[in-house]
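Colleague: Could you take a close look at one thing for me, the salt bridges? I'm new to this, so please spell out the terms.

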Amino acid sequence: MVDVQFRFRDDDAVNDPAVTVSAFTEQSNATAVRVEPGDDARELLPSLDRLALVEVAFPNWTDGRGYSSARILREAGYTGELRATGDLVIDMLHHMRRCGFDAFAPEKPLNPDDAKVAFERWENVYQATAVDGRQPIWAKRHPA
Amino acid sequence: MYKYDDYDQQMVDTRVEEFRDQVRRRLAGELTEDQFKPLRLQNGLYLQLHAYMLRVAIPYGTLNSTQMAALGDIADKYDRGYGHFTTRTNIQYNWIKLDDTPDALADLAKVEMHAIQTSGNCIRNISSDQYAGAAADEVADPRPYAELLRQWSSFHPEFLVLPRKFKIAVIASEIDRAAMRLHDIGIRLVRSDAGELGAEFHVGGGMGRTPFIAKKLRDFVPIDQMITFAEACVRVYNRYGRRDNKYKARIKILVHELGLEAYAREVDAEFAHLLTQPIEPPLAELKRIQGFFTDPPFAQETGGEVDPDDRDDPDFRLWLDRNTYPHKQPGYAIANVSLKPIGGIPGDATSDQIRLMADLAREYSFDELRVTHAQNIVFPHVKKRDLYALWQRLDAADLSTPNLDTVGDIIACPGLDYCALANARSIPVAQKISERFGSAEKQAEIGELKLKISGCINACGHHHAGHIGILGVDKKGKENYQLLLGGSEGADTSLGQITGPGFDEDGVVDATEKAIEVYLANKQGEERFLDTYRRIGMAPFKEAIYG
Ligand code: SF4
């Protein structure tokens with residue numbers, strides 16, 4: 001398993017081995033699952049409360065399906081660790097955070113200074129994703 | 001016109017810094033070219049045959065004089081003194097140096113411009129009707145809705161690496177001047193019987209190697225759910241669009257393979273879910289944006305007309321009749337500047353011409369200009385009585401070609417002169433055709449004829465949608481051209497049909513001439529080329545061309 005390089009959670013790291021989505025839905029008492037780009041994250045929705053870790057795999061960062069998987073899980077109320085693994089790039093870290101990822105296990109470790117800058121780069125955002133708790137610009141323009 | 005507030009400004013400034021950092025990492029060797037490529041593409045920077053090309057966004061084709069002038073200055077400072085307006089209503093600079101790009105972007109940011117998402121597999125610059133806010137036939141000005149979509153799609157965290165590029169157009173009239181049905185999503189604003197404004201969604205249009213006309217997905221999405229509905233459409237695409245083959249990755253293929261119904265079912269389910277999420281900006285935000293798009297202070301005193309003495313100038317009269325369009329406000333007209341001089345490069349303008357158009361917009365058009373997908377420039381609000389003065393200034397700068405929508409008003413992609421993907425050159429073909437039919441008499445006789453040229457199957461020159469389309473192909477290592485007839489992009493969108501075997505460069509110009517002769521010989525009444533073609537069919541054209 002690849003090491004987690006950045007984590008934005010206070011609870012203890014989850015180290016349970018992640019099973020595939022089909023293995024998870026067919027059996028099991030596993031508490032960690034791995035979502036590949038072609039998997040349907042919605043299959044996990046009935047059992048979110050059993051899960052402590054969802055790993056979303058990025059074999060190639062330019063395959064963006066994992067972003068939708070992440071948001072779908074968070075929108076459905078998943079609160080466990082949501083970990084991006086694989087081919088992660090500095091410049092997407094911030095957007096991944098916005099989709100609900102709170103742990104990052106890049107295949108090749110990233111330059112920590114560049115990553116820190118990237119995580120903090122965007123002070124404001126245009127969209128409400130409902131999963132990162134950030135106020136979009138339109139909400140700031142029109143305070144309730 | 002929309003004006004940035006501090007938030008908008010901060011977003012583009014932040015992007016400049018981010019890009020500067022990416023370039024630094026690339027030049028320092030921290031990023032390989034392979035890693036850098038998708039990043040620079042999200043910022044409009046392509047590597048072409050001879051140099052980098054920077055594509056600058058002109059959101060919904062609208063810009064003010066200051067912005068236009070800045071585009072001219074950038075052409076001088078970082079390029080070779082000219083720019084190329086594109087079919088996506090952007091501007092491209094073809095000779096940019098990598099280490100200059102952060103500074104060029106910083107210059108753009110100073111005038112509220114950017115290159116964000118002008119390329120890459122993300123939601124691209126939103127396009128709209130070039131006559132928005134000036135045409136009499138719109139149910140609302142579409143630009144505030146386009147601006148709302150611009151903000152929503154800028155750095156959308158979920159949709160930055162879609163299967164393929166994604167283009168959205170918004171129009172608000174029956175007449176489609178923006179090729180809306182040839183976009184991944186086409187939105188037409190409509191009014192319900194009860195007078196409520198809503199969005200009619202079309203999905204899955206596009207050109208490229210497998211052209212499709214968009215299918216209507218929804219008759220009426222309430223306007224305060226438009227963003228949420230768009231989000232549902234794009235999420236379904238992001239999840240299910242093909243990623244195994246870049247030529248099958250556009251949403252048109254997904255809609256085609258799944259079928260419209262199945263795609264619509266997925267969207268409906270996603271939409272129902274997303275409505276429970278706080279995605280939609282409040283109507284107050286739309287109102288705020290609309291505040292920037294109120295009518296300029298039109299003069300009310302007269303219903304002024306063009307001075308009859310001015311009309312006596314035959315060159316002016318030609319231009320007046322060909323290049324102006326009725327305005328909603330009495331006494332005003334919409335004036336088009338053709339960037340298609342006879343024998344010129346379609347869409348190109350020198351820095352001096354760009355700055356002149358900026359000045360003229362300030363003097364004659366309430367500081368506003370538009371870029372059209374036909375690669376021309378529009379002064380949207382000109383007093384009819386000023387048209388002659390405007391025309392004289394344009395004429396002195398070689399900007400008065402009276403050929404709007406005629407055979408000389410050719411759309412052409414950059415082709416093999418610049419583009420690394422090209423099979424054949426587009427520009428010389430455009431130049432030869434433009435010269436062959438260059439005379440004003442000839443153009444008047446032929447009338448409206450939309451001719452479009454692409455240098456390869458990617459169809460950036462929209463050849464499928466030309467009344468006459470020309471496609472450059474590679475035939476055993478030689479440049480070869482196919483001829484298509486009968487395409488259209490308006491309310492009557494259709495895709496052109498290939499006439500038969502291809503031609504060399506001069507051969508395709510001759511074949512075009514023969515096709516036009518068939519039209520002139522068969523034309524009835526006021527028929528345009530397209531009408532005659534639709535009535536008599538391909539056979540007589542084929543016979544004349546190959547017989
Ligand atoms: S149509 Fe082909 S040749 Fe022309 S610009 Fe597009 S990719 Fe390049």
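Modeller: Sure, here is a walk through some of the charged pairs. This is a predicted model, where local features need pLDDT of at least 70 and side-chain atom pairs count only at pLDDT 80 or more, while totals for chains, interfaces and linings use all residues. Residues are numbered from 1 along each chain as its sequence is written, chains are lettered from A in the order in which they are written, and side-chain values use heavy atoms, leaving out hydrogens and water.

Side chains of opposite charge can pair when their charged atoms come close. We call it a salt bridge when a side-chain nitrogen of Lys or Arg is within 4 Å of a carboxyl oxygen of Asp or Glu. Over all chains, that rule gives 78 salt bridges.

Start with Lys116(A) and Glu120(A), whose closest N and O atoms are 3.2 Å apart. Both sit in helix α4 (residues 112–120) of chain A, four residues apart, or about one turn of the helix. A helix here is a DSSP run of H or I with at least four residues, a strand a run of E with at least two, numbered from the N terminus.

Now hop to chain B, where Arg218(B) and Asp268(B) form a salt bridge at 3.2 Å, N to O. This pair links distant parts of the chain: Arg218(B) is in strand β10 (residues 215–222) and Asp268(B) in helix α8 (residues 260–274), 50 residues apart.

Finally, salt bridges can join up into a network, and one in chain A includes Arg7(A), Asp11(A) and Glu36(A).
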